[in-house]
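Student: I would like to learn how to read the features of a structure like this one, term by term. Could we begin with how accessibility classes are set?

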Amino acid sequence: MSESSRAPPRLRVAATLTGALLLVAACASTPPAPTATLRAAEQAISNAEQADASRYAAAELGEARTKLASANDAVKEEKMINAERLGQQSRAEAELASARTEAAKAAAINKELQRGNDALVEETQRNSGEPR
C-alpha cells in the first residue's frame with residue numbers, strides 16, 4: 001500500500017469509534033418478544049384445563065398461570081430474557097399439571113377396576129361355597 005492510498009489517521013479513528021458505537025448499540029438493544037414461547041405456554045395451560053387439571057393438579061395449574069402472567073408483565077417491561085424464562089417455566093408447570101391429572105385419572109380407574117375385580121371374586125366364592 002502506498003502512502004497516498006492510506007486513510008488519514010483521524011478518519012481511521014472516527015471509523016473505529018463509529019464501529020465500536022454500533023457494536024455497543026447492537027448489544028444493548030432489546031431482544032424480540034418470546035411470542036412462540038408464550039403461545040406454547042398458553043396452549044399447555046389450555047390443554048391442562050381441558051384435561052380437568054383444576055381438579056387434580058390445581059397447584060401446578062395455578063403456578064403455570066402465575067408464571068405466564070409474570071412473563072407477559074416482563075414483555076411489557078421489555079425484559080425479554082426474563083419473559084422467555086418465565087414462559088418456559090409456565091409451560092413446564094402446565095405440562096406437569098397435565099401429567100399429574102392423567103396419573104390421578106389412571107389411578108382412579110385402576111382403583112375402580114380393582115373394586116370390580118374384588119366384587120367378582122367375592123361373588124364367585126359365594127356361589128361356589130369356597131372360603132376366601
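Tutor: A residue is called buried under 20% relative accessible area, exposed over 50%, and partly exposed in between, with a 1.4 Å probe and protein chains only. By that scale Glu 63, at 33% relative accessibility, counts as partly exposed. Please keep in mind that this is a predicted model, in which local features need pLDDT of at least 70 and side-chain atom pairs count only at pLDDT 80 or more, while totals for chains, interfaces and linings use all residues. Residues are numbered from 1 along each chain as its sequence is written, and side-chain values use heavy atoms, with hydrogens and water left out.

Student: How many salt bridges does a search of the whole structure find, and what counts as one?

Tutor: A salt bridge is a side-chain nitrogen of Lys or Arg within 4 Å of a carboxyl oxygen of Asp or Glu, and the search of the whole structure finds 8 of them. One joins Glu 49 to Arg 65, whose closest N and O atoms are 2.7 Å apart. This pair links distant parts of the chain, since Glu 49 is in helix 2 (residues 35-50) and Arg 65 is in helix 4 (residues 58-76), 16 residues apart. Helices here are DSSP runs of H or I with at least four residues, numbered from the N terminus. Glu 49 is partly exposed at 38% relative accessibility, and Arg 65 is partly exposed with a relative accessible area of 39%.

Student: Which salt bridge does Glu 63 form, and how are the two residues placed in helix 4?

Tutor: The general idea is that an α-helix has 3.6 residues a turn, so residues three or four places apart point the same way. Here Glu 63 forms a salt bridge with Lys 67, with the closest N and O atoms 3.7 Å apart, and the two are separated by about one helical turn because they are 4 residues apart in helix 4. A second case is Glu 122 with Arg 126, which meet in a salt bridge at 3.5 Å, N to O; both lie in helix 5 (residues 80-128), 4 residues apart, about one turn of the helix. Glu 122 is partly exposed at 39%, whereas Arg 126 is exposed at 53%. Glu 122, Glu 123 and Arg 126 are linked in a network of salt bridges.

Student: Which elements give two or more residues to the largest nonpolar core?

Tutor: In soluble globular proteins, nonpolar side chains tend to be buried together. A nonpolar core is a set of buried Ala, Val, Leu, Ile, Met, Phe, Trp, Tyr and Cys residues joined through side-chain atoms within 4.5 Å. The largest one has 14 residues, and those with the most contacts inside it include Ile 45, Leu 61, Leu 68 and Ala 94. Helix 2, helix 4 and helix 5 each give two or more residues to this core, and helix 2 gives the most, with 5 residues.

Student: What covers the buried residues of helix 5?

Tutor: The cover includes helix 2, helix 3 (53-56) and helix 4. Contact means heavy atoms within 4.5 Å, and, leaving aside neighbours within four places in sequence, Ala 94 is in contact with Ala 44, Ile 45, Ala 48 and Ala 64. Ser 98, also among the buried residues of helix 5, has 17% relative accessibility and touches Ala 44, Asn 47 and Ala 48, not counting residues up to four places away in sequence.
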